[in-house]
Amino acid sequence: MRLLIENAYVIPVAGDQFQGDIAVGDGRIIHLGPAGSVPEAFTPDETLDATGMAATPGLVNSHTHAAMTLFRGYADDLPLMEWLGEKIWPVEAVLTGEDIYRGSLLAGLEMLKSGTTTFADQYFEMDQVARAVEEIGLRASLCRGLIGIAPHADQALAESRDFIRNWHGAANGRITAMLGPHAPYTCPPSYLEKVLAAADELGVGLHIHLSETRTEIEQIQTEYGCSPIELMEKVNLFERPVLAAHCVHLSEADMEILAEKRVGVAHNPQSNMKLGSGIAPVARMLAAGITVGIGTDGAASNNDLNMVEEMRTAALLQKVGLENPTVLPAGQVLEMATVGGAKALGLAEQIGTLEVGKRADIVLWNLNQAHLCPLHNVQAHLVYSAGRADADTVIVDGRILMRGRRVLTVDEETILREAGCSARALVTRASSA
Ligand code: NI
């Protein structure tokens, strides 16, 4: 399918902004340039008039737990361990594969409608998540969450291997897979060794929660006499590609390790705020040359999967935390939410910028609205003024998934109805278990 996007305000993220056209063929960007510059030999099957719209790379949600949309609003305003132990884990214990499929469809729909084209997910029953991703048409990096101290830890690792063999590179390469050791406090070094052996055997990276709360720092310090980052260096985790969620509490030594080992960090400002975890030193990480993407975390600790809002929160939180309005300017935040996330997920060769040769993951934002007028600085608008509903058209792998806010790949009403049914039944089962 050959697609022509005409007369957009193009923010490629790599290179200068311009008013012009983008040509897409075989799922890739084959040309972009000023209006009328597309070669005459290019004959599109479909043309999108993008007058009054900005074209950006699709947003990359670099850390989430998609199916947790089913728990949105179920348990709020509690301390992390009480929230997990008394509320989240009991409902997770009665989740079925079908629930996870429905929750993932709901999450995918929400992300698609807010301009997110790729997400990194850590959960369980990942076949069901992959099924949902395939159906909606998004791109995703998926991993089964592994809890090394749980009773069936080895079985979970075996499931991970099967999942990776079945799905890594599936859906025309839109689905990639990683291994997902949950965190240093749930995966002791002896278990991590097995996970790392599997990563090497399968040739995949790792997606882990690191240095999220002060409690975690204290616990690892007491048990191992070092920080979580130092512990992960000791077990050689960072000798493979690693996507590390959170990294809120870091020493200078931790930051040197993250930079030297080229660890990709997923910054989740709203989840960190809501759970009272702290403010990640994002400006310092970026200054140290660390790759940082932006994520929403799961909808039980956010409570939505809105990357537009997450970009604004990331910028504002650093500014207020450091009492410095110059840190994280809009352009840098947009980079984090696109190419930063792509790098952190190991996908920067395919996505993250609008460049010839990259996969065509493109969002058209409707600028013709009161809250985005006048157009002094479109990049600043996307970070400081825009809302998720400004995402008008979403293209992934050259395929239009949403046009004029109408979702073309799945039935919205069915997804909402079935997710609602699943969520109600879950709470009933959990309370009678
Ligand atoms: Ni998480």
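**The nickel site, helix packing and unusual backbone geometry**

Biologist: Does Asp297 count as buried or exposed, and at what relative accessibility?

Modeller: Because anything under 20% relative accessible area is classed as buried, the value for Asp297 settles the matter. In this predicted model, Asp297 is found in the loop between strand 14 and helix 11. Asp297 counts as buried, its relative accessibility being 4%.

Biologist: Which protein residues are the donors of the nickel ion?

Modeller: The donor residues are spaced H-x1-H-x143-H-x87-D in sequence, so that three histidines are followed by one aspartate. The donor atoms, which are NE2 in each histidine and OD in the aspartate, lie 2.1 to 2.4 Å from the ion. The residues that supply them are His63, His65, His209 and Asp297.

Biologist: Why is the arrangement of the 4 donor atoms around the nickel ion neither tetrahedral nor square planar, and what is it called instead?

Modeller: For four tetrahedral donors the ideal angle at a metal is 109.5 degrees. The tetrahedral class requires all angles to lie between 85 and 135 degrees, whereas the angles around the nickel ion run from 85 to 175 degrees. The square planar class would need opposite donors over 155 degrees apart and all others between 65 and 115. With its range of 85 to 175 degrees, the arrangement at the nickel ion is classed as irregular.

Biologist: What are the relative accessible areas of the donors His63 and His65?

Modeller: The cut-off for a buried residue is a relative accessible area under 20%, and His65 counts as buried by that criterion. His63 is buried too. The values are 9% for His65 and 0% for His63.

Biologist: At what angle do helix 2 and helix 14 pack, and how is that angle classed?

Modeller: Two packed helices are described by the angle between their axes and the distance between the axes. For helix 2 and helix 14 (residues 412–432), the axes are 9 Å apart and the angle is about 135 degrees. That angle makes the pair neither roughly parallel nor roughly antiparallel, because those classes need values under 35 or over 145 degrees. Helix 2 is therefore, relative to helix 14, oblique.

Biologist: Is the crossing of helix 2 and helix 14 left-handed or right-handed?

Modeller: On the side of helix 2 the contact includes Leu105, Leu106 and Leu109, and on the side of helix 14 it includes Ile415, Leu416 and Leu426. The crossing of these two helices is left-handed.

Biologist: How are helix 4 and helix 5 oriented to each other?

Modeller: Helix 4 and helix 5 (residues 189–202) have axes 11 Å apart, which meet at an angle of about 15 degrees, and their crossing is right-handed. Among the residues that meet are Leu157, Arg161 and Ile164 in helix 4, and Tyr191, Val195 and Ala198 in helix 5. As the angle is under the cut-off of 35 degrees, the two helices are roughly parallel.

Biologist: Which residues does Ser160 touch, beyond those up to four places away in sequence?

Modeller: Ser160 lies in helix 4, and Ser160 is buried, with a relative accessible area of 2%. Leaving out residues up to four places away in sequence, the residues that Ser160 touches are Arg144, Leu146 and Leu179.

Biologist: Where are the cis peptide bonds at Asn303 and Pro374 placed?

Modeller: Most residues other than glycine have a negative phi, and most peptide bonds are trans. The bond from Asn302 to Asn303 is cis, with omega near 10 degrees, and a cis bond with omega of about 0 degrees joins Cys373 and Pro374. Asn303 is found in the loop between strand 14 and helix 11, while the place of Pro374 is the loop between strand 15 and helix 13.

Biologist: What is the phi of His246, and what is that of Asp297?

Modeller: His246 lies in strand 12 (residues 242–246) and counts as buried at 0% relative accessibility. Asp297, a donor of the nickel ion, likewise has a positive phi in a residue other than glycine. Phi is about 90 degrees for His246, and for Asp297 it is near 65 degrees.

How values were computed. Residues numbered from 1 in each chain as written. Predicted model: local features only at pLDDT ≥ 70, side-chain atom pairs only at ≥ 80, totals over all residues. Heavy atoms only, no water. Donors = N, O, S within 2.8 Å, 3.2 Å for Na, K, Ca; no water. Tetrahedral: all angles 85-135°; square planar, octahedral: opposite > 155°, others 65-115°. Buried < 20%, exposed > 50% of the residue type's maximum accessible area, 1.4 Å probe, protein only. Axes fitted to C-alpha atoms, helices over the stretch in contact; angles between N-to-C directions. Helix = DSSP H or I, 4+ residues; strand = E, 2+ residues; numbered from the N terminus. Parallel < 35°, antiparallel > 145°, perpendicular 65-115°, else oblique. Left-handed = near helix turned anticlockwise from the far one by under 90°. Contact = heavy atoms within 4.5 Å.
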